[in-house]
Amino acid sequence: MTQGYQPREGMQAMRLAVLPVAHAAIYAALWWTSPLPPPSLVALAVAGVLIWISCIDIQRFEIPDTGAVALAVLAALALPWADRVALASHLIAAAVWPLLFLAVATGFRWLKGYDGLGLGDVKLMIGIGLLCGLGGTVFVVLFAALAAILFLLVASLKGSGTSMRPDNSAVAFGPFLCLSAWGIWVWGTFE
């Protein structure tokens, strides 16, 4: 074996080990730089769930149902119960955004013949809507979409396909949604 050579499985294991650490560093940077960070225990739990969902989605192109449920429960704990207008915004977002994502997923499947947006993303939007509210979730989706497009552009410039899909441009969308939701929530912007 030549020096510096690692078997393919070893490199994959190393990348998977770095994944949660890199996510945690990015999430921590957003939290520490935010003007009014949310309560720490809830925020740490939300960050942990979002990071877990992101890592699983990157590895398997799947958002675990338990992660989507855990996020929704934690978001419900963080809801602005005292402010009826804000509460309504969060509850409406938790109902509307999953329906919009389901419509997009169904339409894409009908047009292309394969899934472009999974049901895990649809379920994830319930927790994100509860967490960020109607106005915030608009920006979560916008920032996530722009980040995913930028990622695909960089990947195409590098000449590396990101999956085995027919168009060779699939990317796990959950991590972009999770990071955008975290940033919007901890910064308390766009509500």
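## A walk through a six-helix protein

Let's start with one residue: Leu-142 is found in helix 5, which covers residues 119-158. Before going on, keep in mind that this is a predicted model. Leu-142 is partly exposed, with a relative accessible area of 39%. On the surface, Leu-142 belongs to a nonpolar patch together with Phe-143, Leu-146, Ile-149 and Leu-153. Taken together, those residues offer about 450 Å² of accessible area.

Now step back to the whole protein. There are six helices and zero strands, so if you read along the sequence the pattern is simply α-α-α-α-α-α. The protein has 191 residues, and 38% of them count as buried. About 11000 Å² is exposed, with carbon and sulfur atoms supplying 71% of that area. What about contacts between distant parts of the sequence? Take the contacts between residues at least 6 apart in sequence: 73% of them join residues at least 24 apart.

Helix 3 is a good place to look at one element in detail. This helix runs over residues 65-77, which makes 13 residues. At 1.5 Å a residue it should span 18 Å, and its end C-alpha atoms are 19 Å apart, which agrees. Which residues of helix 3 are buried? They are Gly-67, Ala-68, Leu-71, Ala-72, Leu-74 and Ala-75. If you look down the axis of helix 3, its buried residues fall within an arc of 170°, so they line one face of the helix. The spacing behind this is a general one: an α-helix has 3.6 residues a turn, so residues three or four places apart point the same way. Turn to the other side of helix 3 and you find Thr-66, Val-69 and Leu-77, which are exposed. And what covers the buried residues of helix 3? The cover includes helix 2 (40-60) and helix 5.

Helix 3 and helix 5 also share a salt bridge. Asp-65 pairs with Lys-123, and their closest N and O atoms are 2.8 Å apart. Asp-65 lies in helix 3 and Lys-123 in helix 5, so the pair ties together parts that are 58 residues apart in sequence. Both partners can be picked out at the surface: Asp-65 is partly exposed, at a relative accessible area of 44%, and Lys-123 is partly exposed too, at 34%. The count of salt bridges comes to two. In the other pair, Arg-109 forms a salt bridge with Asp-115, with 3.6 Å between the closest N and O atoms. Arg-109 counts as partly exposed at 41% relative accessibility, and Asp-115 counts as partly exposed at 42%.

Not every charged residue sits like that, though. Asp-121, which is found in helix 5, is buried, with a relative accessible area of 8%; the cut-off for buried is under 20%. What does Asp-121 touch, once you set aside its neighbours within four places in sequence? Its contacts are Asp-57, Ile-63, Phe-101, Phe-173, Gly-174 and Leu-177.

Gly-174 turns up again around Ser-54, a residue of helix 2. Ser-54 counts as buried, at 0% relative accessibility. Leaving out residues up to four places away in sequence, Ser-54 touches His-23, Tyr-27, Gly-174, Pro-175 and Cys-178.

Back in helix 5, have a look at Gly-136. Gly-136 is buried, with a relative accessible area of 0%. The C-alpha atom of Gly-136 is separated by 8.4 Å from that of Gly-188, although these two glycines are 52 residues apart along the chain.

One last stop is the loop between helix 2 and helix 3, where you will find Phe-61. What is unusual about the backbone here? Most residues other than glycine have a negative phi. Phe-61 is not a glycine, yet it has a positive phi of about 55°. As for its surroundings, Phe-61 is partly exposed, with a relative accessible area of 36%.

How values were computed: Residues numbered from 1 in each chain as written. Predicted model: local features only at pLDDT ≥ 70, side-chain atom pairs only at ≥ 80, totals over all residues. Heavy atoms only, no water. Patch = residues over 30% accessible without salt bridge, like charges linked within 9 Å, V, L, I, M, F, W, Y side chains within 5 Å. Areas by Shrake-Rupley, 256 points an atom, 1.4 Å probe, with all protein chains shown as cover. Salt bridge = Lys/Arg side-chain N within 4 Å of Asp/Glu carboxyl O. Helix = DSSP H or I, 4+ residues; strand = E, 2+ residues; numbered from the N terminus. Buried < 20%, exposed > 50% of the residue type's maximum accessible area, 1.4 Å probe, protein only. Expected span 1.5 Å × (residues − 1). Arc of directions from axis to C-beta. Contact = heavy atoms within 4.5 Å.
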